[in-house]
Amino acid sequence: PRSCPTSSDDQTFRVIDLITVASEHLQAKGFENARLEVERLLGSVLGMRRMELYLAFDRPVDEHDRDSFRALYKRRLAREPLQHLLGETGFREVTIKTDRRALIPRPETELIVEEAAAFLRSKDNPLVADLGTGTGAIALSVACEVPGATVVAVDISEDALLLAKANARRLGLEDVVTLVCGDMIACLEGRGPFDAILSNPPYVRTGDIDGLEPEVSRYEPRTALDGGIEGMDHLNRLADTAHTHLKPGGLLVVECAEDQADRLRDRIMAGGQYDSAEIVYDLAGRKRMVKAMKKVKSESKVES
């Protein structure tokens, strides 16, 4: 590949030159979506969408913009997440501000909102909890997509909640999403009962975190990843206690790793508080989460 434009020179670079040289260099370094990433970085510098870049291939890029692009490009070479460099990411119908304070919302997590919205749209003014809200992506998406919904969004990280607050403000949802700092289920005391409890909790095994891709292990908060020795600490707590804050017939949706789904489903059902618990698969066919419906009526023993 040609040399990457990472140092100043007198050569005139057009948009297409920067895209071609930088994407070839990035691909040679093992980045799968090199050209797409380069186009998004350059577009952010020039204030242009990808289609606009394609219509401006011959446009010269001045020294100031080249320097700005080089700075971002070097950070991406160091495996800093693209979403952090761009400062935002899309999540269903909203755009979410992202940085190192919280886990970057993943496309797979959109399934939580999909399941919740399908259930909640038939409810009048539903009350929802989002546990481990991070950027606020789940809470804010539910608030956007479910008419009349109000959401209590909980996170143990004050920094993450500041980010979620900024996202709520950008989307005009400060009045319908209440942000609470604290430890998961305990924060729901006195605030429910809820029509739905949703969570993408930490579920990575402690010993596996350092072996994750650098974008995750180096740049995302460990507290948002670490689920304990087996990765099940938070999952088990949700399975055992979420029902105490759900309305009869309420919905629980919890994201987990593929090899945790069966154990999570079985633990939810073992308590006898739910009518059903089923595994939800993502678009790649992987076990991605468990959804459960709380019983409408508690079982009672019949005296003989």
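## A buried leucine to start with

Leu 26 is a buried residue, as its relative accessible area is 1%. Its place in the chain is helix H1, which covers residues 15-28. Now look for Tyr 73 as well: this residue is 47 positions away from Leu 26 along the chain, and the C-alpha atoms of the two are separated by 9.0 Å.

Please keep in mind as you explore that this is a predicted model.

## The chain as a whole

Let us step back and look at the whole chain. It has 304 residues, and 51% of them are buried. To count as buried, a residue must have under 20% relative accessible area. The chain contains eleven helices and eleven strands. Along the principal axes, the C-alpha atoms fill a box of roughly 95 × 40 × 30 Å.

## Strands side by side

Which way do strands E6 and E7 run, parallel or antiparallel? Strand E6 (residues 150-155) and strand E7 (residues 177-181) run parallel, and five bridges join them. You can find one facing pair by looking for Val 154, which stands opposite Val 180 in E7. Helix H8 (residues 158-170) belongs to this picture too: E6, H8 and E7 make a β-α-β unit that is right-handed.

Strands E10 and E11 show another arrangement. Strand E10 (residues 274-281) pairs with E11 in the antiparallel sense, over seven bridges. The two strands form a hairpin, with five residues between them. In the turn you will find Gly 285, with a positive phi of about 80°. Across this pairing, Glu 278 stands opposite Lys 291 in E11. While you trace the strands, here is a handy general rule: in a regular strand, the side chains alternate between the two faces of the sheet.

## Salt bridges

How many salt bridges does the structure hold? There are 28 of them. A good one to begin with is the pair Arg 35 and Glu 39, whose side chains meet with an N to O distance of 2.8 Å. Both residues sit in helix H2 (residues 34-46), and because they are four residues apart there, about one helical turn separates them. Arg 35 is partly exposed, at 33% relative accessibility, whereas Glu 39 is buried, at 1%.

Other salt bridges connect parts of the chain that are far apart in sequence. Arg 106 forms a salt bridge with Glu 220, and their closest N and O atoms are 2.6 Å apart. Arg 106 lies in the loop between strand E4 (94-97) and helix H6 (110-120), while Glu 220 lies in the loop between helix H9 (214-217) and helix H10 (233-241), so this pair ties together parts that are 114 residues apart in sequence. Arg 106 is partly exposed, with a relative accessible area of 24%, and Glu 220 is buried, with 7%.

Lys 291, the residue you met in the hairpin, meets Glu 115 in a salt bridge of 2.8 Å, N to O. Lys 291 lies in strand E11 (residues 287-294) and Glu 115 lies in helix H6, so the pair ties together parts that are 176 residues apart in sequence. Lys 291 counts as partly exposed, at 22% relative accessibility. Why does Glu 115 count as buried? Its relative accessible area is 18%, and the cut-off for buried is under 20%. There is also a network of salt bridges, which links Glu 37, Arg 76, Arg 79 and Glu 215.

## A nonpolar patch on the surface

Met 51, Tyr 54 and Leu 55 make a nonpolar surface patch of about 370 Å². Tyr 54 lies in helix H3, which covers residues 50-54. Is Tyr 54 buried or partly exposed? With 35% relative accessibility, Tyr 54 counts as partly exposed.

## Looking for disulfides

A disulfide is a covalent bond between the sulfur atoms of two cysteines. How many disulfides does a search of the whole structure find? The search finds zero. Cysteines that you can look up in the model include Cys 144, which is partly exposed at 37% relative accessibility, and Cys 256, which is buried with a relative accessible area of 0%.

Note on methods:
Residues numbered from 1 in each chain as written. Predicted model: local features only at pLDDT ≥ 70, side-chain atom pairs only at ≥ 80, totals over all residues. Heavy atoms only, no water. Patch = residues over 30% accessible without salt bridge, like charges linked within 9 Å, V, L, I, M, F, W, Y side chains within 5 Å. Areas by Shrake-Rupley, 256 points an atom, 1.4 Å probe, with all protein chains shown as cover. Salt bridge = Lys/Arg side-chain N within 4 Å of Asp/Glu carboxyl O. Buried < 20%, exposed > 50% of the residue type's maximum accessible area, 1.4 Å probe, protein only. Pairing = 2+ DSSP bridges. Right-handed = clockwise from strand over helix to strand, strands pointing away. Disulfide = S-S within 2.5 Å.
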